[in-house]
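This briefing is meant to be read with the sequence and the three-dimensional structure in view. Please locate each residue in the display as it is mentioned.

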Amino acid sequence: MYISGEVMKPGVYRLREETTILQIIPWRADLPIGAKQKKILIIRKEDGKEKRLIVDYKKAMKGDDPNSNIVLRSGDTIIVP
């Protein structure tokens, strides 16, 4: 999995078992002040096609939207604008 964009620690990370966006950001990437937490992009390959998922990290943290805490997959790319 790859993390890039407006993060403190961009890079390539291995996933352990089932890891969600709420677990990986504070554990591996850290968001600096000013990062756009409402529009985190996850790029995923499924059946040879690129799929783009937009995650509202703030809603995920608050528990307002259970669909925002996406389970990540090997090969996903997370981009924080």
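In this predicted model, confidence varies along the protein: the mean pLDDT is lowest in helix 1, at 74, and highest in strand 4, at 94. The average over the protein is a pLDDT of 84, and 89% of the residues score at least 70. The points below take up the overall make-up, the sheet, the core and three individual residues.

**Overall make-up**

- The protein has two helices and five strands.
- Read from the N terminus, these elements follow the order β-β-α-β-β-α-β.
- Of the 81 residues in the protein, 37% are buried.
- The exposed surface of the protein comes to about 5400 Å², and 47% of this area is supplied by carbon and sulfur atoms.
- When contacts between residues at least 6 apart in sequence are considered, 56% of them join residues at least 24 apart.

**The sheet**

- As a general principle, the strands of a sheet pair through backbone hydrogen bonds, in either a parallel or an antiparallel manner.
- Here the five strands form an open sheet with mixed pairing, and their order across the sheet is 2-1-5-3-4.
- Strand 2 (11-12) and strand 4 (49-55) are the edge strands, each of which pairs on one side only.
- Strand 1 (residues 2-5) runs antiparallel to strand 2, and two bridges join them; in this pairing, G11 of strand 2 is the bridge partner of I3.
- Strand 1 also runs parallel to strand 5, with four bridges between them; here S4 stands opposite I79 of strand 5.
- Strand 5 is also paired with strand 3, in the antiparallel sense and over three bridges; in this pairing, I78 of strand 5 is the bridge partner of I42.
- Strand 3 and strand 4 are antiparallel as well, and seven bridges connect them; one facing pair consists of E46 and, in strand 4, K49.

**The nonpolar core**

- The largest nonpolar core contains 16 residues, and those with the most contacts inside it are I21, I24, I42 and I78.
- Helix 1 (21-29), strand 3, strand 4 and strand 5 (77-80) are the elements that each give two or more residues to this core.
- Helix 1 provides the largest share of the core, namely three residues.
- I42 and I78 thus appear among the residues with the most contacts inside the core, and I42 and I78 are also bridge partners in the sheet.

**R44, a buried residue in strand 3**

- R44 lies in strand 3, which spans residues 40-46.
- Is R44 buried or exposed? R44 is buried because its relative accessibility is 5%, and the cut-off for a buried residue is under 20%.
- The side chain of R44 makes a polar contact of 2.8 Å with the side chain of D76.
- Beyond its neighbours within four places in sequence, R44 is in contact with several residues, including K49, E50, K51 and L53, as well as I70, V71, L72 and R73.

**D47, an exposed residue in a hairpin**

- D47 is located in the loop between strand 3 and strand 4.
- These two strands form a hairpin with two residues between the strands.
- Which sign does the phi angle of D47 have? The value is positive, near 50°, in a residue other than glycine.
- D47 counts as exposed because its relative accessibility is 79%, and the cut-off for an exposed residue is over 50%.

**Y2, a partly exposed residue in strand 1**

- Y2 belongs to strand 1.
- With a relative accessibility of 41%, Y2 is classed as partly exposed, because this category lies between the cut-offs of 20% and 50%.
- Leaving out residues up to four places away in sequence, Y2 touches G11, V12, G75, D76, T77 and I78.
- D76 therefore deserves a second look in the display: Y2 touches D76, and the side chain of D76 also forms the polar contact with that of R44.
- Y2 and I42 are separated by 40 residues in sequence, and their C-alpha atoms are 9.7 Å apart in space.

Methods:
Residues are numbered from 1 along each chain as its sequence is written. This is a predicted model: local features need pLDDT of at least 70, side-chain atom pairs count only at pLDDT 80 or more; totals for chains, interfaces and linings use all residues. Side-chain values use heavy atoms; hydrogens and water are left out. Buried means under 20% relative accessible area, exposed over 50%, partly exposed in between (1.4 Å probe, protein chains only). A polar contact is a pair of N or O atoms within 3.5 Å; within protein, one must be able to donate a hydrogen and the other to accept it, and residues adjacent in sequence count only if both atoms are side-chain atoms. Contact means heavy atoms within 4.5 Å. Two strands pair if DSSP finds at least two bridges between them. A nonpolar core is a set of buried Ala, Val, Leu, Ile, Met, Phe, Trp, Tyr and Cys residues joined through side-chain atoms within 4.5 Å. Accessible areas come from the Shrake-Rupley method with a 1.4 Å probe; for residues, only the protein chains shown count as cover. pLDDT is the predictor's confidence in each residue, from 0 to 100.
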